[in-house]
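Let's take a short walk through this structure together. Keep your viewer open and your selection tool handy.

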Amino acid sequence: MRKLSILTCLVLLASPLGLTPANAANAATPKLGGACSKVGSFGDTPNIRYVCVKIGGKLVWQQWNKPSSNNNSANQSSATTSQSGTPTASKAPIPITLPIAKSSDANAITFENVLTRISDIPNAVFNKEEALIAASTLQVIPHDIFIAPALQSTVTVKSVSEMVDRSIKYYSGFRQGTYFAVYVYNNASIAWAKKQYNSVAATRKYSAVKNYHDRGAQDIEAACNGGDCNGNNAGMISGTNEGYLNITVDNANHPFIESGSIAHEYGHIVQSTQWDGTKYDNLNDIKNKTYPGWLFMGGINQPAWTICTGTLEGYMQSRSQQGFNLRRSGLKNLTAQGITNYLLYSSTTESIDVNGKKISKSVLPPNPIFEIGNSTGGLATEVLVAIGGPQAVMALHALMANGDSMDVAFMKVYSTPWPEAAKIIGQVIAAEYAQTPPSP
């Protein structure tokens, strides 16, 4: 893999599931990226249907997304189908065995020893995440990349595609939607980006989708608040399993401090696609009420430190810039108790104040505490990856989308009560902040 430079990262910051018997020619239990023998044949597991496809001269299993009758992927459903053809409940697939097994490696980082292994966490996490990307087969997900003409001398489709591909591989085995578009632009090309979005919307017939309402063009402009393009966003097309990533190239006055915008925003798409978007017209509200605020932001921002760079040096630089930046949140209490409170009280009904005390207020904007999701939430995610691996964190998302609370999901994944784990993670982050005070 071509290593991505930090500069590139900063600039770019740049299924329906059938339960029918498997084809006899593919009797072995299929797995994503595994070898198969006949193109077009199907293989089934209890939760996922696979189809045999040819990629790079090899026959491999890929997750099957059944086309709708009118070939408009915006209307595709990821509901499971029984042998009688009757739609049944759909659940987000989880590609790992739960609970995660305790490692027999004497050097493994665990909840029991993590407080004595704090300095080992970054290296362990980078290696685990790079290993996952290297081992994963690239899932074929239709997408388009649009780069404003004025930016094409510095931002290339190749560089964007590399980060998109690494993002897709990172989330391999989890539901990832049926189509997405990436728009890369600056303040001078907002009108161009809106035109591209409207063209995609017309081609994919979004206006004909049940429950559809258009927010994509508004989000393109929102990413350049008042002409200051120092933000990015992503969203799903209401009534579909299709999404968009709006990636802005900042002006010279505000150089990016958020590394890996493409990986970050794609992570938000994956969070959303743990539900079947064709069945909801208020998916954003459901997602906001389901995921803790620290996990909603940190759970996808931390992986971007690896996805964007591909080197330990790059990871450490992104981690330093992101994990140790309180982003003008005003948070004063950086003790273990204050950080633990943030992890425990991070929802649409409760949060903490700048002194780390629990309050009855949503963690979402305009609450300034929301801003530490990328940093403190990212470091919390890093601890969980060090202990259970990157797919364990994503399994939390899938389980909560399937109806579990955070407490129940966490126990299913880590076999440890969430309040106990939050206390340990709070101690880890407090120690890190004491050694390297974060910027305010």
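Start by selecting E382 and whatever surrounds it. Leaving aside residues up to four places away in sequence, E382 touches I121, P122, V125, Q302, W305, Y315, R319 and E432. Keep in mind as you look that this is a predicted model.

Now show the side chains of E382 and R319: a polar contact of 2.8 Å joins them. Colour by secondary structure and you will find E382 in helix α11, which covers residues 376–388. Is E382 buried or exposed? E382 counts as buried because its relative accessibility is 0%, and the cut-off for buried is under 20%.

Zoom out for a moment to take in the whole protein. There are 14 helices and twelve strands to find your way around. Of the 440 residues, 56% count as buried. If you switch on a surface, the accessible area is about 18200 Å², and 53% of that belongs to carbon and sulfur atoms.

Next, select residues 242–248, which make up strand β10. How many of the residues of β10 are buried? Seven of seven are, so you are looking at a strand that is mostly covered. Turn the view to see one side of β10, with E242, Y244, N246 and T248, and then the other, with G243, L245 and I247; both faces are covered, and all of these residues are buried.

Keep β10 selected and add its partners. Strand β8, residues 179–185, runs parallel to β10, and seven bridges join the two. To find your place in this pairing, pick V182: its bridge partner in β10 is L245.

Then add strand β9, residues 232–236, which runs antiparallel to β10 and is joined to it by five bridges. Here G235 is the residue to click, as it stands opposite Y244 in β10. Follow the chain from β9 into β10 and you trace a hairpin with five residues between the strands. In that turn, stop at G239, which has a positive phi of about 85 degrees.

Finally, colour the model by pLDDT. The mean for the protein is 84, and 84% of its residues reach 70 or more. Residues 1–8 are below 50, although this stretch has 21 contacts in the model beyond near neighbours in sequence. Select residues 252–259 as well: pLDDT stays under 50 there, and the model has 27 contacts for them beyond four places in sequence. Where pLDDT is low, predicted coordinates should not be read in detail.

Note on methods. Residues numbered from 1 in each chain as written. Predicted model: local features only at pLDDT ≥ 70, side-chain atom pairs only at ≥ 80, totals over all residues. Heavy atoms only, no water. Helix = DSSP H or I, 4+ residues; strand = E, 2+ residues; numbered from the N terminus. Buried < 20%, exposed > 50% of the residue type's maximum accessible area, 1.4 Å probe, protein only. Areas by Shrake-Rupley, 256 points an atom, 1.4 Å probe, with all protein chains shown as cover. Pairing = 2+ DSSP bridges. Polar contact = N/O pair within 3.5 Å; in protein donor to acceptor, adjacent residues only side chain to side chain. Contact = heavy atoms within 4.5 Å. pLDDT = per-residue confidence, 0-100.
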